[in-house]
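User: I am new to this protein. Please walk me through it in short questions and answers.

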Amino acid sequence: MTVQTRPQALSHPTAEPVPLTVARGDGIGPEIMDATLAVLEAAGARLAIEEIAIGESQYRAGHSSGLSPEAWGSIRRTRLLLKGPITTPQGKGVKSLNVTLRKALGLFANVRPVRAYAPFVAAAHPSIDLIIVRENEEDLYAGIEHRQTQDVVQCLKLISRPGTERLIRYAFALAAGSGRRKVTCMIKDNIMKLTDGLFHRVFDEVAAEYPELEAEPMIIDIGAARLATRPERFDVIVCPNLYGDIVSDIAAEVAGSVGLAPSANIGERAAMFEAVHGSAPDIAGQDIANPSGLLLAAVEMLRHVGQGEVARRVADAWAVTIEDGVHTADICGPATRLVVGTQAFARAVIDRLGSVPKHLPPARPATIHVPVLPAPPRPPEAKTLVGIDVFIEWTGSADALARALQACPDAGLVLTVITNRGVKVWPEGLPETFCTDHWRCRFQAPPGKPTNPMMLVHLLHGLVRSGLPVIKTEHLYAFDGVPGYALAQGQ
Ligand code: NAD
């Protein structure tokens with residue numbers, strides 16, 4: 001049995017408890033969850049807890065996503081999950097539990113506040129206090145990959161307008177609602193003009209609705225470098241999935257506090273809260289792990305479900321414990337007066353409930369419960385078929401390929417350009433260009449002539465009958481006359 005219900009736990013006599021699914025996880029998960037729940041209970045959190053098993057034991061029991069159907073039932077019911085870390089098994093046929101949860105529950109935003117607690121916890125950048133809002137479902141993490149030739153594999157980068165819009169709207173609403181002054185968008189739209197270009201455009205559109213906030217677009221490479229060297233210049237950072245994954249780790253590293261960092265995964269109808277760190281198998285079962293990351297995630301969760309008073313009591317007591325120098329071993333430093341284990345740390349926090357920190361400023365909320373407003377209606381753009389990119393596997397030269405293509409039956413479309421790895425190699429390619437066996441051949445109707453889908457069918461029919469190995473195609477469309485495809489480099 002993987003679901004235990006203890007609805008009486010953590011209940012408060014005067015208010016309806018909030019249904020919550022709790023998963024202890026693997027490694028240090030059970031001990032930091034015990035510590036966290038003890039503090040929440042002592043602080044008067046009004047929660048009706050259903051406990052589920054996740055992770056290694058469930059993978060071993062044959063549940064390929066690390067969750068049993070009963071556990072899914074609980075999460076679907078409560079739509080609120082406080083999760084310990086899990087050990088990710090290596091091997092085929094095993095799905096990442098985190099990815100499964102994010103996608104199944106529509107948790108579109110991964111929110112990571114990163115803060116330094118100097119001088120009580122040593123930090124290279126003492127004034128760092130930022131939030132990273134990372135897109136959680138799209139981008140290269142859609143996991144759509146193909147091998148198409150002997151030499152080339154590909155991964156599709158998907159960025160959608162609605163997916164981007166709800167993320168960026170969330171980031172601005174969070175910034176405005178939590179006293180922030182600036183939102184930085186990290187993208188690489190000087191190279192990926194359509195995908196990252198859309199992300200940037202939506203950022204500009206939403207930014208215009210928040211004139212009181214500074215909106216700062218920044219190319220991801222310089223953004224990551226500045227985050228590593230001058231993190232205090234950032235406030236809220238919003239970015240697509242892959243960049244967000246990388247900059248979250250940079251930020252956690254420069255703050256120097258892997259054991260202190262919380263994380264929230266926010267969806268329209270569900271939310272999941274956890275620590276940033278993993279299951280730390282090297283210290284599991286020793287009662288030395290720092291429970292702060294999970295406890296601070298639980299503080300965000302309490303705010304999220306409208307128990308802000310309890311959240312503040314816990315956050316204040318935790319900050320007083322840190323100020324008093326009662327520390328777990330991982331953050332031990334010059335300000336430490338007493339090194340304690342996991343459960344003793346929780347007891348120290350409980351002893352300080354009701355106290356207010358003297359030095360550390362209160363944490364600003366890192367999540368916000370906003371209805372994600374539907375995007376303003378946009379008139380559909382006129383979509384016109386203007387050609388096709390046909391990808392061919394070929395080991396000869398570009399000129400020989402062009403001759404072979406032009407010798408195929410006439411379908412009313414003209415070969416306009418051939419590229420290899422995005423670089424134009426025909427007509428007038430450079431002999432120095434290194435070529436693989438993966439060629440993109442662009443066909444378009446002659447100027448002023450329309451393209452219709454049957455022309456594409458005839459073209460492909462002719463190419464295949466001529467023995468040319470077509471490996472994939474991409475239709476070319478214009479939207480309100482604007483090309484919806486990248487031009488070839490050198491075109
Ligand atoms: P890790 O975060 O578990 O550990 C990295 C280092 O930090 C270790 O030395 C560990 O002892 C220390 N550490 C981590 N949390 C700590 C804490 N609360 N207190 C004190 N020290 C702490 O990273 P890892 O070793 O790369 O990963 C271990 C496992 O966790 C892997 O299977 C990984 O896939 C998984 N993981 C899970 C999650 C998650 O469930 N959200 C996140 C990251 C990693």
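Analyst: One term comes up at once: buried means under 20% relative accessible area, exposed means over 50%, and partly exposed lies in between, with a 1.4 Å probe and protein chains only. This is a predicted model, where local features need pLDDT of at least 70, side-chain atom pairs count only at pLDDT 80 or more, and totals for chains, interfaces and linings use all residues. Residues are numbered from 1 along each chain as its sequence is written, and side-chain values use heavy atoms, without hydrogens and water.

User: What share of the residues of the protein count as buried?

Analyst: The protein has 491 residues. Its C-alpha atoms fill a box of roughly 85 × 50 × 45 Å along the principal axes. The share that counts as buried is 52%.

User: Pro231: buried or exposed?

Analyst: Contact here means heavy atoms within 4.5 Å. Leaving aside neighbours within four places in sequence, Pro231 is in contact with His125, Ile128, Leu130, Arg226 and Val254. Its relative accessibility is 0%, so Pro231 counts as buried.

User: How far apart in space are Pro231 and Ile388?

Analyst: In sequence, Pro231 and Ile388 are 157 residues apart. C-alpha to C-alpha, the distance in space is 45 Å.

User: How much area do domain 1 and domain 2 bury between them?

Analyst: The bounds, from an automatic or database domain assignment, are 8-351 for domain 1 and 383-483 for domain 2. Buried area is the accessible area (1.4 Å probe) that two parts lose on being put together, summed over both. Carbon and sulfur atoms carry 51% of it, and the total is about 600 Å².

User: Which three residues supply 64% of the area that domain 1 buries against domain 2?

Analyst: The contact takes six residues from domain 1 and six residues from domain 2. No other three residues of domain 1 supply more than Gln148, Thr149 and Val152.

User: Where does the largest pocket lie?

Analyst: On a 1 Å grid over the protein atoms alone, a pocket is an open set of points where a 1.4 Å probe fits, with protein on both sides within 12 Å along at least five of seven lines; lining residues have an atom within 4 Å of a point. Both domains give residues to the lining, so the largest pocket lies between domain 1 and domain 2.

User: Which residues are the closest to the centre of the largest pocket?

Analyst: The lining has 43 residues. The closest to the centre are Leu194, Thr195, Gly484, Tyr485 and Ala486.
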